[in-house]
Amino acid sequence: MNDLITTLQATPPSTWQILSVCALVFALFMSLIPGKWDPTRFINDKVKHVLTFMVLSLLIDLAFPAAGVCWWKPAGLMAFGVFIEVCQHMTRYRHFSFGDILANGVGIALYMGISTGIGSLAAEGGCQPWPECMGVLFNL
């Protein structure tokens, strides 16, 4: 696991930026297809929103590591979530949902909580560097 995390961090930010854009486009595509065509339709909708926005938050963090935790990352992802809901409202087969926007915010907040918790462990000297923090977090 430590090798995987080290490799993820060693990957250039430009690679993560491309993957982030691809993930954002994919999330938009998946949110606009009719429900009957959604291969993940058996998973609870709110769970999908939380997981999707946790992953998007991770990708944005990896894509812009020098920015640290700043307001534009969660705000941008929340705006993207609202954009998705507005686009869904424009279709005949999807609808706007404040619950989905709330679930997106929960996913972003969970990611920020986990990443902040790992960062505080590292700052206290509890574990150094990042791979060791992940080992502590996931009991590896």
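Two rings of Phe, Tyr or Trp are taken as an aromatic pair if their centres lie within 6.5 Å, with planes over 60 degrees apart counted as edge-to-face. By this rule, the count in the present structure, which is a predicted model, comes to 3 aromatic pairs. One of them joins Phe64 and Trp72 in an edge-to-face arrangement, with 5.2 Å from centre to centre and 80 degrees between the planes. Phe64 is partly exposed, because its relative accessibility of 31% lies between the limits for buried and exposed residues. Trp72, at 33% relative accessibility, likewise counts as partly exposed. Phe96 and Phe98 also form an edge-to-face pair, since their ring centres are 4.9 Å apart and their planes stand at 75 degrees. Within this pair, Phe96 is partly exposed, with a relative accessible area of 28%, whereas Phe98 is exposed, at 65%.

The overall fold is described next. The protein chain contains 6 helices and 0 strands, and from the N terminus on its elements run α-α-α-α-α-α. Of the 140 residues in the chain, 35% are buried. Among contacts with a separation of 6 or more, 66% are between residues 24 or more positions apart.

Confidence varies along the chain. The average pLDDT of the protein chain is 83, and 79% of the residues score at least 70. Helix α4 (residues 72–89) has the highest confidence, with a mean of 95, while helix α6 (residues 130–137) has the lowest, with a mean of 51. Over residues 125–130 the pLDDT falls below 50, and this stretch has 11 contacts in the model beyond near neighbours in sequence. Where pLDDT is low, the predicted coordinates should not be read in detail.

Pro13 and His49 illustrate individual environments. Pro13 is placed in helix α2 and is partly exposed, with a relative accessible area of 34%. Apart from neighbours within four places in sequence, Pro13 is in contact with Leu62, Ala63 and Pro65. Although Pro13 and Pro65 are 52 residues apart along the chain, their C-alpha atoms are separated by 7.3 Å. His49 is located in helix α3. Because the limit for a buried residue is under 20% relative accessible area, His49, at 11%, counts as buried. When residues up to four places away in sequence are not counted, His49 touches Glu85, Asp100, Ala103 and Asn104.

The structure holds 1 cavity of 30 Å³ or more. The volume of this largest cavity is about 100 Å³. Its lining consists of 12 residues, of which Asp61, Lys73, Pro74, Tyr111 and Met112 are the closest to the centre. Helices α3, α4 and α5 are the elements that give two or more residues to the lining of the largest cavity. The greatest contribution to this lining, 5 residues, is from α5. By class, the lining of the largest cavity comprises 7 nonpolar, 3 polar and 2 charged residues.

Open space was examined in the second largest pocket, which encloses about 570 Å³. This pocket is lined by 24 residues, and those closest to its centre are Ala27, Met30, Ser31, Lys48 and Thr52. Two or more lining residues of the second largest pocket come from each of α2 (13–32), α3 (45–63), α4 and α5 (98–123). Helix α3 supplies the largest share of this lining, with 8 residues. In terms of class, the residues lining the second largest pocket divide into 10 nonpolar, 8 polar and 6 charged.

Helices α3, α4 and α5 thus appear in the description of both spaces: each gives two or more residues to the lining of the largest cavity, and each does so for the second largest pocket. The largest share of the lining is from α5 in the cavity and from α3 in the pocket.

Technical notes
Residues numbered from 1 in each chain as written. Predicted model: local features only at pLDDT ≥ 70, side-chain atom pairs only at ≥ 80, totals over all residues. Heavy atoms only, no water. pLDDT = per-residue confidence, 0-100. Helix = DSSP H or I, 4+ residues; strand = E, 2+ residues; numbered from the N terminus. Contact = heavy atoms within 4.5 Å. Phe/Tyr/Trp six-rings, centres within 6.5 Å; stacked < 30°, edge-to-face > 60°. Buried < 20%, exposed > 50% of the residue type's maximum accessible area, 1.4 Å probe, protein only. 1 Å grid on protein atoms, 1.4 Å probe; cavity = no way out; pocket = protein on both sides within 12 Å on 5 of 7 lines; lining within 4 Å. Points joined across faces, edges and corners; volume = space filled by probe spheres on them. Nonpolar A, V, L, I, M, F, W, Y, C, P; charged D, E, K, R; others polar.
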